[in-house]
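Here is a structure to read through by asking how each label is earned. The turns that follow set values against the rules behind them.

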Amino acid sequence: MPKDVVIDMPTDMRNQEAHFSTFDLDYTPPKPGGIISLTVDIPASNRIPNELRPPPRWKTPEFIFYYVVALFAIPFMAWVPIHLSSPSHPNYPYYHHRLSPGWIFGREVDNSDTQYRSFRNNILPLSFLVLIFIALKYIYTRSALRSALNMPSDKLYLIPFFLAFSALYLTGLHGTSIFKIMFILTTNYWIAKTSGGSRMGPLLTWIFNLLILFTNETYGGYRYASFHPALEVMDAFQGIYPRWHISFNITMLRLVSFNMDYYWAYNSHGGNLSSGPTEKQRANTPLPLEDYTYRNYIAYVLYPPLYIAGPILTFNNFIWQLRRPVDIPIHVQSRYLVRFLVSLLTMESILHYMYVVAIKDAKAWQGYTPLELSMIGFWNLIVVWLKLLLPWRFFRLWSLASGIDPPENMVRCMVNNYSALGFWRSWHRSYNLWIVRYIYIPLGGTKNVALTTALVFSFVALWHDLSFRLLAWGWLVSVFILPELLARYLLPQTQYGQFSWYRHVCAIGSVFNMLMMVSANLVGFVIGTDGMMYMANQIVGTWQGFRFLLAASCIIFVGVQFMFEYREEEMRRGVYRRC
C-alpha cells in the first residue's frame, strides 16, 4: 500500500456525540405515529432514551389563538394567486400565451416550466417503462433462481440484468451518445484502479469530474463531427433525450462515489457490516476490494431507476443492498405510491388555479401590491419544491419496487422549515448526504465551519448550473447560515431551553431565518438577482410594503410555533430528526 497521507473516511465508529457536523446525520429507526406520520419516514437521528419532553401545547389558549390566525391566513394566501390568475384580471393577457389546455373543470394549466413539463408530459411512458422493467426483472429472477444449484442469500445475480437493461435504456434515451458516456465512465474507473490507495486518486478524480462538468456545459455534450468529419453519421441517432449532458451532473456524483469509496476501502482494514445495518452503516462500511469491479461499477452508475434524476445512492450502499437484500414490504411501497399520487394531484391543482410560473416568466406583475408580489414569489417556491419532489419520489418508488432502497430526498414540506441548517438537511437529502461524505468531512467539517460551508455551497451552486445567479445563491446561503450559527453559540438550548421566553426568542430568530431563506431561493431558482431587487424595493421601499412585511412576520411567527410543536411531538414519540 502506498505510504501517502490518507484522507480520512467518514465512519460510524468515531465518537461524535459532542461534535455534530453542520450537515451530518446519525441515524436510528424512527417510530412514526399520529400527526407526525404526515412527514415521510426516514431513519431518525440523535435518539436520547427516556428524555422528558414538555407537555403538548396543542390545546392551550396560546395555540387556540394560533389556530384562529392560521384559519384566516392560509386560505387568504391561496386566494391571492388564484385571484391574480383569473382571466378577468387586467394582467392576464400578458401571460395567457404561456398557458395550455387543462383537464380540471375546463381550467387552463400553467405547464410553462420547462423542467417540470418534461416530466409531466412523460409520466405515462415512464410508468409503462417501470412496469416493463419490473416484469422483466421478475422473469429474469425466476429463471436465474431456477438454474441456481443453491438458493442464493444475496441478489448479486441481478447485476447482469441491470447491465442489459441499462444498455437498452441508455441507447433509447441518448442514442449513439452512449459511447461518449461509456468513455467517460471507463476513464474514471481507470483513474481509480490505477491510483489504488494513492492520494493522487481523489485528486485526479475531482479534477477529471469537474473538468467533464465544465466541458459538457461548454460544448453541449459534444458532437461526433467535431472529433472527425467521418463520424458525423453517428450524430444522426441521438435518442429521445439527446441532451445527455444535462442529467450527467447526477451521474458525476456516482463516479466520485465509486472512486472515493474504493480509495477508502483500499486504505482500510476491511469492513464488517452488522446484521440489520442502517442506511449510514451501509454507506460507510468498506466492501471487500474484489467487489470494486468494472461490472459492479457500471451496474451502479447506470442503475435504471435512479439514472435520470436520483436519489443519489453511494456505491457501498448499492452493493451492500445486493449483498444483504433489504426487505421492502408491499404495504410500504403502496403507502409511498399514495404519497406520490397525492403530491401529483396537489401540483396539478396548483398549476390549474395559480398561474404563478407564467406570471413570473412574463414579468406580468405590473401594479401588484407587496402582498401580491410576495405571494407570487412564495407559490413559485412551492412549485419548485413540488417539481423536484415528484420526479424524485417517482424514481425512488421505481427503485423500491426493484428492491433497492435509496435515501428519501424531500423529508419535510418546504414551508415546514425554520432553520437554514435543517432546511438543507431535508431538501435534496441524498445530495446532502453525498456532500457530507465526499466534501464536507474530508475538508475538515466542524473544524472550520464558515470556510467549509462557503466552499460546499459554491460547489453546490456550480454543480447545478455554471451561472452567476446560482453562484450568488450559494454565497447568499452561506452568509445567511452564519447568524443561525452565531445564535446557537450565544443562546444554546442546553443552557437556556428551560426558560419560557426561550421558545419565543427562537421563533423571532426563525422569522428572520425564513425571510433570508426565501430571499436566497428566489434569487437562485425563481426570479434571479434583478427580480429580487425589484421585489425587495416594492416591499421594503414603501410604507405599504413595510406594513405588509410586519404583518407577514407576525404570521410567520405563528407558523414557526406550529413547527416547533410538531417537532416536539416527534420527540415525544421517540423520533429525533435534525431538520
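Q: Which residues is F237 in contact with, leaving aside its neighbours within four places in sequence?
A: In this predicted model, F237 is in contact with T171, H174, G175 and T176 once those neighbours are set aside, where contact means heavy atoms within 4.5 Å. F237 is found in the loop between α8 and α9, and its C-alpha atom is separated by 8.5 Å from that of S177, although the two are 60 residues apart along the chain.

Q: Why is F237 called partly exposed?
A: The relative accessible area of F237 is 44%, and partly exposed covers what is neither under 20% nor over 50%, so F237 counts as partly exposed.

Q: What makes E565 and R57 a salt bridge?
A: The rule asks for a side-chain nitrogen of Lys or Arg within 4 Å of a carboxyl oxygen of Asp or Glu, and the side chains of E565 and R57 meet at 3.0 Å, N to O, so the pair is called a salt bridge. E565 lies in helix α24 (residues 543–572) and R57 in the loop between β2 and α1, so the pair ties together parts that are 508 residues apart in sequence.

Q: How do you know whether E565 is buried or exposed?
A: Buried means under 20% relative accessible area, and E565 has 1%, so E565 is buried.

Q: What makes R393 and E408 a salt bridge, and which parts of the chain does the pair link?
A: The closest N and O atoms of R393 and E408 are 3.3 Å apart, and the limit is 4 Å, so the pair qualifies as a salt bridge. The pair links distant parts of the chain, with R393 in helix α16 (residues 370–401) and E408 in the loop between α16 and α17, 15 residues apart. R393 and E408 are both buried.

Q: What makes E569 and R572 a salt bridge, and where do they lie?
A: Their side chains meet at 2.8 Å, N to O, and the rule allows a distance within 4 Å, so this pair is a salt bridge as well. Both residues lie in helix α24, 3 residues apart, about one turn of the helix. An α-helix has 3.6 residues a turn, so residues three or four places apart point the same way.

Q: Why do E569 and R572 get unlike labels for accessibility, buried and partly exposed?
A: The cut-off for buried is under 20%; E569 has 10% relative accessibility and therefore counts as buried, whereas R572 has 24% and therefore counts as partly exposed.

Q: Which residues are linked with E565 in a network of salt bridges, and how many salt bridges does the structure hold?
A: The network links R57, E565, E569, R572 and R573, and the structure holds 18 salt bridges.

Q: What makes V505 eligible for the nonpolar patch on the surface?
A: Patch residues need over 30% relative accessible area and no salt bridge, and V505 has 36%, so V505 passes the area cut-off. V505 is found in helix α22 and forms the patch together with L486, Y489, L490, L491, F499 and W501, with about 690 Å² of accessible area together. The elements that give two or more residues to this patch are α20 and α22, and the largest share, 3 residues, comes from α20.

Q: How do you know that the span of helix α6 agrees with what is expected?
A: At 1.5 Å a residue, the 18 residues of α6 (residues 178–195) should span 26 Å, and the end C-alpha atoms are 26 Å apart, so the two values agree. Among the buried residues of α6 are I178, I181, L185 and Y189, and what covers the buried residues of this helix includes α5, α7 and α9. Just after α6, G196 takes a positive phi of about 60°.

Q: What is the count of disulfides, and what would make a pair of cysteines one?
A: A disulfide needs a pair of cysteine sulfur atoms within 2.5 Å, and a search of the whole structure finds 0 disulfides. C413, at 29% relative accessible area, is partly exposed, and C554, at 47%, is partly exposed.

Terms used:
Residues are numbered from 1 along each chain as its sequence is written. This is a predicted model: local features need pLDDT of at least 70, side-chain atom pairs count only at pLDDT 80 or more; totals for chains, interfaces and linings use all residues. Side-chain values use heavy atoms; hydrogens and water are left out. Helices (H or I, at least four residues) and strands (E, at least two) are DSSP runs, numbered from the N terminus. Buried means under 20% relative accessible area, exposed over 50%, partly exposed in between (1.4 Å probe, protein chains only). Patches are made of residues with over 30% relative accessible area and no salt bridge: like charges are joined within 9 Å, nonpolar side chains (Val, Leu, Ile, Met, Phe, Trp, Tyr) within 5 Å. Accessible areas come from the Shrake-Rupley method with a 1.4 Å probe; for residues, only the protein chains shown count as cover. The expected span of a helix is 1.5 Å times one less than its number of residues.
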